[in-house]
Each structure stands twice: as structure tokens, then as C-alpha cells.
Amino acid sequence: MQPMRRRHRGFPLLCLSAALLVAAALLPGTAVAEGVTPSEARRLRDEVKDMFYHAFDGYMKYAFPLDELRPLSCQGEDSLGGYALTLIDSLDTLALLGDKEKFGAAVEWVGKNVRFDINKTVSVFETNIRILGGLLSAHLIASDYATGMRIQSYDDQLLHLAADLAQRLLPAFDTPTGIPFGSVNLKYGVDENESKITSTAGGGTLTLEFGILSRLTNNTVFERVTKNSVRGIWSRRSKLNLVGAHINVFTGEWTQKDAGIGTSIDSFYEYLLKAYLLFGDEEYLYIFQEAYKAAMHYLHHDPWYVEVNMNSGATVWPLFNSLQAFWPGLQVLAGDVDPAIRTHAAFFSVWKKYGFTPEGFNLATSTVQNGQRSYPLRPELIESTYWLFKATRDYRYIDIGRDILASLQYGARCPCGYCHISDVETHKQDDHMESFFLAETVKYLWLLFDLAAGPDNIVENGPYKYIFSTEGHLLPVTPEIALVDEHCSYFGAFCNGGADHGYGTSASSTHQKANYTQFNDIQASSSLYSVSNMFTTRGYLKGVCPGLTHAQKLGISYSDEESNVIEQTSESHEHHSESAVESRVEAQSSNIILISHPVASQHDEVLESKSGSGDHVDIVVTADSDSMSHDNAGGSLGANTEEPTEDTTRTSKQTEDEEIAPNFQSKEDIS
């Protein structure tokens, strides 16, 4: 794909204080949005609360302790590991709603009854984001008086369960690249026939949960294996700074070279930025900056995003897939609000057209993509709606929330819960309700309306600021987790010295501030940045030490050849003990020091601006020899890579007749 001519839209680098203020500082106060009365916002919020309890009570009555509810037939099914998945995934939503009685009872039951010493082969990705994340979030709420949800009898049972579970996931990381297998048996480790192919999201969406666990248990192995996995993926990026969708965890070879922001890749980008915001680890920020620049350069066709060949940049799939809808919310966190507004409007136009977003929408034909007609109650569009309302307080996002709520109530409500929509055109219901409906979809809707009503919850009014995991779990930015005062010692010796190396040294900074709106201690901006000063950090971030290259400070080169040297002579895979895994991790680890400011390359110069969603570009779709064909959902994290795994494949007010669609032209029928 030849990149369209447009101006790159950047974001101001979020300094360390941003991590402590990110949830509340975009706009202060609790003023009700224009045109929305407090009573109406409260009514909508209460309707969402009723929606939650209709589904949660249906699960507890008809499915518990099985993993998930079948809401049409009012039965249960085990879909992940057979350990009350929906209950664990819902714990922090109960806490958010202030239901101390049910939260306490659920925490007590999980602590007494859930065990992971079972002969079950599970997805590493799904188990991490749903189970490990759910346990850690609930632990941090239940153990802290400051949250208002402290359970008197609680004695860290969920933390012990989380540590045991993570230990059972560790064998998956015993690979030459450091990128984990997609699946692991909780009792016996990695099966000898386990597929060596995993998704980029599968290897790159582990840092938040494992990093928190390291800090809570004082066991660094969890954080180190996940950082090594991110490095293993990033070191194999293309010369365009793009990553593909699927990779061989032994050879590091990309087996699917389609680059995008949706299927099989989405949360890789998400966790880069959020790991920086939560932990203050500037290595993640550096990688995110480079990855974001490349995505905006090669994938962005304002207001849409396409999939391209990671090596050539040629468009291979002019598709909107529903998982892309998280991106505007991530852009809000990054401070790049203008393109987020336009992209969100485009994505919502698809919802308005069908009443739901299909898994795939063909931009070339403006029709639902064959084989991708379902809506499995995904939260991503609602998540971005919440963040955009939080950033702008624009009433259109409450209107959008109303529309989404009405669609769910009219089309998805079932006798015992809420159903998948198997076809967005016919609205036919499917007898399935993913646990993420209660962990994310309902949660973001409730937060949206509660924010308009005048927020009264631990996220907005509690003692901490929170980062949301990709499963919507609440992860607090506490001193214990963020290690705010330990950055120099944490990253290494190059931060020794005087004020020249410290936070706020601005004499030599070339960072240009433009059109900032300042809110307390964080600066958010929707202004334009030239690439040359978009990521200039010297003197702007704490602990940036001049005079060293990025590779020198991190002790790594991010190059394919050098990153593979250690493991080229690895033995063929066999089951190892925890100590063997840890020793391999030690061998892969580098001495992390600090980052320097990246230098923008010549080809990233400012391009001609292309404003508004009404200006479109013709894209010629070509088949690239390096690109592999898509299956329905873009691959799997499990042993069978032909079978898609749900979450890694997961996935302004518009007038009724408005369409936001570019004139994509296809040389071949991709529908």
C-alpha cells in the first residue's frame, strides 16, 4: 500500500505523573454534559446495572460453577478451564457497582474452591487476561481499606491463587525467542505436540498482570518473562516498524505477515502504552512510540485502518474488524484525540447501520464480510465511547451510549442473560454469553452513564487512579505497583548523578508545546505534532540521561540477528522445571538502564494534512506474495491455529443516513 498523503498526528509524551493522574485529569470536575440531565443519566446507569444483574444472576442460577452461561437454554458450559470463569471475570464489576455483599461472597467462594492443579490445557492469553487479571484486581480491592470494599476475613487467598496460576503458565515461556506458546497444560506443562505458532497479541498482552504479580510477590521472574516476550516480538519487526499477526515461537519467523491494529495484534499496542502508564517503564513507552508512528503512517486511512503487508506496506485487507474499535480509546490515553474522534465516528456508523458491529465490515464493498457476520457482545466500541466522553464531555457520546444500550436491550436480551448475535443483518441470536460481557461491555456502559450523572465509584472517586486491562479489570496505580520513587535504581546506574539527569531538566529540550490544554499535573493535547519533535524526550521524562544511544542504555539492539544468538543452539523443546525456565529467562534478560530520545527518520517527515472524514482515498488492493490468507478470525492462541481464540480475535453523533466510508477499490474479490 502506498501511504496516503496526510499529516501525522502525534501525542505529547506522557510524563511519569501522567500515570498517577490518567484516569481523572483529562477533564476535571463532575459537570453533567450539555443536554443530559442528571436524572436521565442516572436512569441510564440504573438500566445498565439491571442489565448486569439480569446476566449475572442468570449465570449464578443456571451455569455456576461452570465457566459460562448459555442464555437461551438457561444452561452452563465449560469454555476455558472449568473454574467458574464468569464469576472470576465479574469480581471487580461487583466491586465497582458497590455490591459488597455479593463481592465478599464471591471472593470467599473463589478462595475456598478454585484450584489450578488440574489436567487442563488452556490458552495462555485468555487465562492471563480473564483469570489472572480478575484474581489480581479483586485481590487489590478486597485487601485495601481505602477502596471501601475491604473484606474483613480476607487473607490474600486470591493472591496465592494468582501466584500458583502464573507459575503454571511459566513453562509456556521456555522457547528460544522468549515468546510463549499459545497453550499450556496447568498440570503437566507444554505438550510435546503443542503448536509453535502464536499470535502477536498472545505474546504481547501479558505485561500488566505478570508485572503486578511480580511486585506483589517480590518475584521478578513473572515480569522478566513477559518483557522478554515483548522484546522477542519487537526485535522481529519489519523495517517499516510493523509487526505481523502470527509468529513461530521457536524460529521467530512470521507465519502471517498481515499488520493491523485489530485481529491477533490489537492488545500488543495497548499493553505497550499501559505498561508504561502503570509501571513507569520507559522501554515500553519507546517501543509504543515507534509502533504507533508506523501504524499511523502505514495503516491509517483517515478515518479507517487497513491491514497491510508488514514488509512492503501494501494493502492486503481493506476491512474494519470489530477489534479495531478499541483504538480510539487508546489514542485518548496517548493524547491523540482528534483522529480518535473521527475514527470512532466511522466505527459507530457501522453500528448504526446494523444495530451492532459485525466481526468484519468490507470497506471496498461497504457490506458485511462473509464469514464475519456475528456480534459476540464485544466491548471495544463502548470502551472508546467512554474514553472519548471522559476526554471531551461531548453529549454525543451519551447519545451513542443510549443507542448501544437500546440495541443490546432490544436485540441481545435473552431469558437468562444476553446472547451473541450470530448475524447482524437478521439479528438472529446465538446461545452463548462470553464472560467479558460482564467484565467489560456492561462495565464501560455503566461507567459512561455514571460519569454523566456525577460519578460515584472507586475509579473516579477512589484513592487511586486505575489502568484498565484489556479485559477491563481495574489495576490501581499504587506506589507498590508503580515504584514511582525507584526509577533510577530500578533501571540502572546511568541515572546516578546530578540534576542534569533528573526530571524536569528542560534547558536542552527541543520538545515543542503547541495548543496545550493543561489539567492539573498532566497535559493532554489534540494538537498537531511534526514527527521530528513528536517523541523528543530529553529533559521531559524523569531519568532521561543524555549521551547514550537507546541500544547502549537498554543493553539490547532489537535486531533479529543479535537477539537470536543466545538461543540458536537451543535444545529441542522438552518439559522443564520452574528453575530451568527462570535460568533461561536470566540468560535472555538484558541490563535495563534507561532510554534516550528517539531520532525521527527522514521518511517520517510531516506529510500533507488530510482533514475530515469526508475526504477519502482510493486504495488498490493487491495480493502480496508475503501475505497469508485470512481465516475468519485471524488465527488462534491455542494449539490449533486454525481455530480462532475469542479474545485475541476480539475483538459526533451521526445522522441516520450518514455514511463514513472511503472509496476502496479492489482488484480481486475479497468478500
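Start by selecting Cys-74 and Cys-416: a disulfide joins the two, with the sulfurs 1.6 Å apart. Keep in mind while you look that this is a predicted model. Turn the view until you can sight along the S-S bond; its torsion is about 70°, so the disulfide is right-handed. The bond ties together distant parts of the chain, 342 residues apart. One end, Cys-74, sits in the loop between strand 1 and strand 2, and the other, Cys-416, in the loop between helix 15 and strand 16 (420-423).

Stay on Cys-74 for a moment and check its backbone. Phi is positive there, about 60°, even though the residue is not a glycine. If you colour by secondary structure, strand 2 covers 75-77. Cys-416, at the other end of the bond, has a relative accessible area of 3%, which puts it under the 20% cut-off, so it is buried.

Next, select Cys-414 and Cys-419. Here is another disulfide, with an S to S distance of 1.8 Å. How buried or exposed are its two ends? Cys-414 has a relative accessible area of 5% and is buried; Cys-419 is buried too, at 0%. How many disulfides does a search of the whole structure find? The count is two. Number the bonded cysteines along the chain and the pattern reads 1-3, 2-4.

Now for the other positive phi. Jump to Arg-393, where phi is near 50°, again in a residue other than glycine. You'll find Arg-393 in the loop between helix 14 (380-392) and helix 15 (396-412). Arg-393 counts as buried because its relative accessibility is 16%, and the cut-off for that label is under 20%.

Two cis peptide bonds come next, so switch on the backbone atoms.

- Select Phe-64 and Pro-65. The peptide bond joining them is cis, with omega about 10°. Pro-65 belongs to the loop that runs between helix 2 (38-62) and strand 1 (68-70).
- Select Asp-302 and Pro-303. The bond from the aspartate to the proline is cis, and omega is near 10°. Pro-303 lies in the loop between strand 9 (300-301) and strand 10 (304-305).

From there, step back along the chain to helix 11, residues 282-298. Put a distance between the first and last C-alpha of helix 11: its 17 residues reach 24 Å, close to the 24 Å expected at 1.5 Å a residue. What surrounds helix 11? Show everything else as a surface and look: 17 of its 17 residues are buried, so helix 11 is largely enclosed by the rest of the structure.

Zoom in on the N-terminal end of helix 11, where Asp-281 acts as the cap. A side-chain oxygen of Asp-281 lies 3.1 Å from the backbone nitrogen of Glu-283.

For the last stop, select Ser-123, in strand 3 (residues 121-123). Which backbone atom lies 3.4 Å from a polar atom of the Ser-123 side chain? Draw the distance to the backbone nitrogen of Phe-125 and you have it. Ser-123 has a relative accessibility of 9%, so the residue counts as buried.

Terms used: Residues are numbered from 1 along each chain as its sequence is written. This is a predicted model: local features need pLDDT of at least 70, side-chain atom pairs count only at pLDDT 80 or more; totals for chains, interfaces and linings use all residues. Side-chain values use heavy atoms; hydrogens and water are left out. Helices (H or I, at least four residues) and strands (E, at least two) are DSSP runs, numbered from the N terminus. Buried means under 20% relative accessible area, exposed over 50%, partly exposed in between (1.4 Å probe, protein chains only). A polar contact is a pair of N or O atoms within 3.5 Å; within protein, one must be able to donate a hydrogen and the other to accept it, and residues adjacent in sequence count only if both atoms are side-chain atoms. The expected span of a helix is 1.5 Å times one less than its number of residues. A disulfide is a pair of cysteine sulfur atoms within 2.5 Å.
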